Amino acid sequence: MLEIRPRGSIDGAEVVLDISRLLSRALHAMPTGVDRCEMAYATDLIERIPDRLSFSALHPAGAYGRLSWPAVRQFLSSTGARWRHGGKIDPLTLKVSALRHWTALWPKPVPAARRPRVYLQASPHHLERGDKVRAILRRENAAFVCLVHDVIPIVHPEYAREDGAMKHLARIRSVADHAAGIVSNSAATEEALIPFLQAVGHRPELRIAHLGVDVPDMIDARKGGDAPGIDGPYFVCVATIEPRKNHLLLLNIWRRLIERHGHAAPKLVLIGRRGWENEQIVDMLDRCATLKGHVIEYGGLPDRQMRSLMAGARALLLPSFAEGFGMPVTEALIARVPVIASDLGALMEAGGAAADYLDPLDGFGWMDAILDYAKPDSARRAAQLERIRDWRPPSWRAHLDTVMELVDAVAERPAMA
């Protein structure tokens, strides 16, 4: 059946956007940062290059191929709605919806290329399978462009799952072996990636493009919403609960604050699912009586509630030990919420001159900053609010501008397989 697409320019290479990650996450009510990236690529490119764009995926059942445009658009719309109302979707409804989409998005054969073709991937999905990547590129007869989010599991294996370092190393090797172009989400990520490219003697086209943020939604969050009410001043930390995010620092600080100030201590709101290798953190959350009532945990919230909670906070706290970029930083600053973050290069790229930065091991410095920001007349907080006025957020449009410039640059190269 002929698929009707919006009319647009047909100049340039065909772009095959892989949405395997989104398809694999159809059973999850709430998105990760990588999920949001793949969604941003899909929605932007649909508007930008409709007549040059095709969709593909490695289906959860194992088959690879092209996807129906109408089915993709319906899937993207349904996924966006699920993220907005994730906390209100029961598991059975979620499963039925996933099965319906997986059926509608069963892969079709790859047509012969009629012009240069670029296979574009915004997630690490299946990159650890070098043979599969090679087979896909041969079938597509395409040059490969991908977004690299970080190399943290390799350079910091202590923060990864048990097999995380080896799995991520296999992903980066696939990128090093096959990519004609690589987009890094920060200069810090590119700097960490270059040694792996040099090790195999590969010199792809490199670009840096900071991740965008949904500006209208974050601005609307300042107007309030249906977020749970929090009495008194509070701080938020938006991050998966895992050792790399350094929740343990915050929990120990809050125990000390409560011991010293009792009910006058500010509250801490943790937004993020429980991850891995986090036994000590979970023990404090579940068993430390002192923290009860002052540390509030939300394993997952619909986007609107998360943004409303962030908008009312005294500051976003992000004391991470390692990051690829730092989307919560940009989301907070757009909502005019101050940020106190680790002095990592990636986070400083995200927050620029607006945010305050501290060493992630400086417990006393973090405690002093939290106490100061909790005051209604905090001079440090007021100074940051002034700096935020001059801060300019990264946009998905600018990010995709860089991606498309790279796509066009590699389009005439021979396919790398």
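Student: Which residues cover the two faces of E8?
Tutor: The model is predicted: local features need pLDDT of at least 70, side-chain atom pairs count only at pLDDT 80 or more, and totals for chains, interfaces and linings use all residues. Residues are numbered from 1 along each chain as its sequence is written, and side-chain values use heavy atoms, without hydrogens or water. Buried means under 20% relative accessible area, exposed over 50%, and partly exposed in between (1.4 Å probe, protein chains only). Buried on one side are Tyr 234, Val 236 and Val 238, and on the other Phe 235 and Cys 237.

Student: Why is E8 largely enclosed by the rest of the structure?
Tutor: Strands (E, at least two residues) and helices (H or I, at least four) are DSSP runs numbered from the N terminus. In a regular strand, side chains alternate between the two faces of the sheet. E8 spans residues 234–238, and it is largely enclosed because the buried residues number five of the five.

Student: Which residue in E9 stands opposite Cys 237?
Tutor: Two strands pair if DSSP finds at least two bridges between them. E8 and E9 (residues 267–271) pair in the parallel sense, over five bridges. Opposite Cys 237 in E9 stands Leu 270.

Student: Which helix joins E8 and E9 in a right-handed β-α-β unit?
Tutor: Right-handed means that, with the strands pointing away from the viewer, the path from the first strand over the helix to the second runs clockwise. The unit made with E8 and E9 contains residues 247–261, helix H10.

Student: What is the strand order in the open sheet of seven strands?
Tutor: The pairing in this sheet is mixed. Its edge strands, each pairing on one side only, are E3 (64–66) and E7. The order is E3-E2-E1-E4-E5-E6-E7.

Student: What is the bridge partner of Ile 182 in E7?
Tutor: E6 (residues 181–184) and E7 (residues 205–208) run parallel, joined by four bridges. In E7, Val 183 has Arg 207 as its bridge partner. For Ile 182, the partner in E7 is Leu 206.

Student: At about what angle does H8 run to E7?
Tutor: H8 (residues 187–199) carries the chain from E6 to E7 in a right-handed crossover. Axes are lines fitted to C-alpha atoms, for helices over the stretch in contact, and angles run from 0 to 180 degrees between N-to-C directions. H8 lies across E5, E6 and E7, and its angle to E7 is about 160°.

Key. Contact means heavy atoms within 4.5 Å.
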